Amino acid sequence: HCYYQRKDYSEFDASIDLYGGGWLISTTRDLALFYYHLFNGNIFKHDSTIELMLSPTKTVSTPNGSDEKEDYRLGVQVFNLFDRQIIAHSGLWDTYVLYYTKHKVSIAIKFTDGGNEYLIKKTISIINKIQELK
């Protein structure tokens with residue numbers, strides 16, 4: 001089932017999203033695995049492809065209307081959290097996938113009640129603590 005803000009949209013025709021997201025269906029596990037392999041050189045034949053994808057394009061205003069700026073690249077946004085780089089993409093259906101470059105960890109999250117920045121920060125904090133124990 002596909003949920004958005006706690007409402008079941010399973011019968012909704014996802015092809016309405018004609019700009020890339022329509023009909024791309026995945027589990028969060030597979031999405032996290034894809035991101036891990038994408039940023040560890042296992043998807044593209046040439047390293048230059050991922051380098052182009054991660055090249056800065058422009059800084060845009062965030063959707064919430066604040067004065068914050070978002071570093072958006074080709075299909076991903078890049079930001080720092082706890083002084084470390086995060087590469088991420090968010091989808092229409094409250095799905096987020098992140099790659100934490102410090103520890104080479106990918107995370108996919110499906111929110112059922114809107115995105116939650118606190119939960120993302122808490123998850124990264126837990127990963128940091130686990131890595132410190134190794």
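**Exercise 1. Classify Ile-43 by its accessibility.**

Solution. Ile-43 has 37% relative accessibility, so Ile-43 counts as partly exposed. The cut-offs are these: buried is under 20% relative accessible area, exposed is over 50%, and partly exposed is in between (1.4 Å probe, protein chains only). The model is predicted: local features need pLDDT of at least 70, side-chain atom pairs count only at pLDDT 80 or more, and totals for chains, interfaces and linings use all residues. Residues are numbered from 1 along each chain as its sequence is written, and side-chain values use heavy atoms, with hydrogens and water left out.

Next, place the residue. Ile-43 sits in the loop between helix H1 (28-38) and helix H2 (47-53). Helices (H or I, at least four residues) and strands (E, at least two) are DSSP runs, numbered from the N terminus.

**Exercise 2. Which residues form a nonpolar surface patch with Ile-43?**

Solution. The partners are Phe-34 and Phe-44. Together the three have about 250 Å² of accessible area, by the Shrake-Rupley method with a 1.4 Å probe. Patch members have over 30% relative accessible area and no salt bridge; nonpolar side chains (Val, Leu, Ile, Met, Phe, Trp, Tyr) are joined within 5 Å, like charges within 9 Å.

**Exercise 3. Describe the lining of the largest cavity.**

Solution. Start with the count: one cavity of 30 Å³ or more. A cavity is a set of points, on a 1 Å grid over the protein atoms alone, where a 1.4 Å probe fits but cannot get out; lining residues have an atom within 4 Å of a point. The largest cavity holds about 30 Å³ of space, the volume being that filled by probe spheres set on the points.

Now list the lining: Leu-38, Gly-41, Phe-44, His-46, Asp-47 and Ile-50. Sort by class: three nonpolar, two polar and one charged. Phe-44 also belongs to the surface patch of Exercise 2.

**Exercise 4. Find the salt bridge and compare its two ends.**

Solution. The whole structure has one salt bridge, which needs a side-chain nitrogen of Lys or Arg within 4 Å of a carboxyl oxygen of Asp or Glu. Asp-30 pairs with Arg-29; their closest N and O atoms are 3.9 Å apart. Asp-30 is partly exposed at 41%. Arg-29 is exposed at 59%.

**Exercise 5. How far apart are Gln-5 and Phe-111 in sequence and in space?**

Solution. Locate Gln-5 in the loop between strand S1 (3-4) and strand S2 (7-8). Gln-5 and Phe-111 are 106 residues apart in sequence. In space they are 7.8 Å apart, C-alpha to C-alpha.

Key. 1 Å grid on protein atoms, 1.4 Å probe; cavity = no way out; pocket = protein on both sides within 12 Å on 5 of 7 lines; lining within 4 Å. Nonpolar A, V, L, I, M, F, W, Y, C, P; charged D, E, K, R; others polar.
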